[in-house]
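This report concerns a single protein chain. The fold is taken up before its third helix, one arginine and one pocket.

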Amino acid sequence: MIKGLWWKITTCLLLLYAVIGGFLIDVPESIIGETMRNLFFHVGMWFGMLAMLVTGFIYSLRYLRNFDEKKDVVAVEAVNVGLLFGFLGVITGMTWANFTWGAPWVKDPKLNGAAVGLFIYLAYMILRGSIPDIHKRAKVGAVYNIFAFVLWVVFVMILPRLSGESIHPGRDNSPVLPMQLDPSMRIVFYPAMAGWILLGFWIMEIRVRMRKLRMHLEDDAPIKEKT
């Protein structure tokens, strides 16, 4: 994980810049109008989620190499934070959709794929909670997490593109694609994405420390009872 205070200060500055710039800059005229400002927040949530899910996937692989419990802790907390960003992304997306399409949810392969992807990871958390043995839980959870990430990629990134029927922005010449963004928006968009991703790692680091502390206290509990 990232060490030092510099990146936390950078995170705060990037997000502060994203919020202020996101509300104050002039956005180009388009069919989605002023709602385009949600790009700095909704898309940022999904970037943060993707970063966390990738981290969880990598640490699950690393756990299976030598069964280091610390790697499993990072993996599960990365998924926890990823789910948080995922649900925030859904909420901001539903708000955006309500203004753009007149309904918070429509029949769309990208939206349905995102919902399925979140349910796959919710099942991961339920699975872990149903296994009392800590070592078995870590092993089964790591294997499931690896397959969950592959399925998430399929449902969220591959199948919607193959369907070719999505009305979700982000295809062809959509004005919200990074390469199609107006230069005035790019100067806010990229720092915002970096800020949300760093925030995800910050929250994950806090949760990892809290989980390790709880595990340490649980290990010491029998000793205290005996004394």
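Helices, of at least four residues, and strands, of at least two, are taken here as DSSP runs numbered from the N terminus. On that basis, the protein chain of this predicted model contains six helices and zero strands. Its pattern along the sequence is accordingly written α-α-α-α-α-α. Of the 227 residues in the chain, 42% are buried. Among contacts with a separation of 6 or more, 76% join residues that are 24 or more positions apart.

**Helix H3**

Helix H3 spans residues 69-100. With 32 residues, H3 reaches 46 Å from its first C-alpha to its last, close to the 46 Å expected at 1.5 Å a residue. The N-terminal end of H3 is capped by Asp-68, which places a side-chain oxygen 3.1 Å from the backbone nitrogen of Lys-70. Beyond the other end, Gly-102 lies just after H3 and adopts a positive phi of about 85 degrees.

**Arg-128**

Arg-128 belongs to helix H4. Is this residue buried or exposed? Arg-128 counts as buried because its relative accessibility is 7%, and the cut-off for burial is under 20%. Its side chain forms a polar contact with the side chain of Asp-72, at 2.9 Å. Leaving aside residues up to four places away in sequence, Arg-128 touches Asp-72, Val-76, Arg-137, Ala-138 and Gly-141.

The two polar pairings described above, at Asp-68 and at Arg-128, are set out together below.

| Side-chain group | Partner | Distance |
|---|---|---|
| Asp-68, side-chain oxygen | Lys-70, backbone nitrogen | 3.1 Å |
| Arg-128, side chain | Asp-72, side chain | 2.9 Å |

**The second largest pocket**

The second largest pocket holds about 330 Å³ of space. It is lined by 16 residues, and those closest to its centre are Glu-69, Ile-134, Arg-137, Arg-211 and Met-215. Helices H3 (69-100), H4 (109-129), H5 (134-163) and H6 (183-226) are the elements that each give two or more residues to this lining. Which of the elements gives the most to the lining? That element is H6, with six residues. Sorted by class, the lining of this pocket comprises eight charged, six nonpolar and two polar residues.

Arg-137 links the last two topics: this residue is touched by Arg-128 and is also one of the residues closest to the centre of the second largest pocket.

Notes: Residues are numbered from 1 along each chain as its sequence is written. This is a predicted model: local features need pLDDT of at least 70, side-chain atom pairs count only at pLDDT 80 or more; totals for chains, interfaces and linings use all residues. Side-chain values use heavy atoms; hydrogens and water are left out. On a 1 Å grid over the protein atoms alone, a cavity is a set of points where a 1.4 Å probe fits but cannot get out, and a pocket is an open set with protein on both sides within 12 Å along at least five of seven lines; lining residues have an atom within 4 Å of a point. Grid points are joined across faces, edges and corners, and a volume is the space filled by probe spheres set on the points. Ala, Val, Leu, Ile, Met, Phe, Trp, Tyr, Cys and Pro count as nonpolar, Asp, Glu, Lys and Arg as charged, and the others, Gly among them, as polar. The expected span of a helix is 1.5 Å times one less than its number of residues. A polar contact is a pair of N or O atoms within 3.5 Å; within protein, one must be able to donate a hydrogen and the other to accept it, and residues adjacent in sequence count only if both atoms are side-chain atoms. Buried means under 20% relative accessible area, exposed over 50%, partly exposed in between (1.4 Å probe, protein chains only). Contact means heavy atoms within 4.5 Å.
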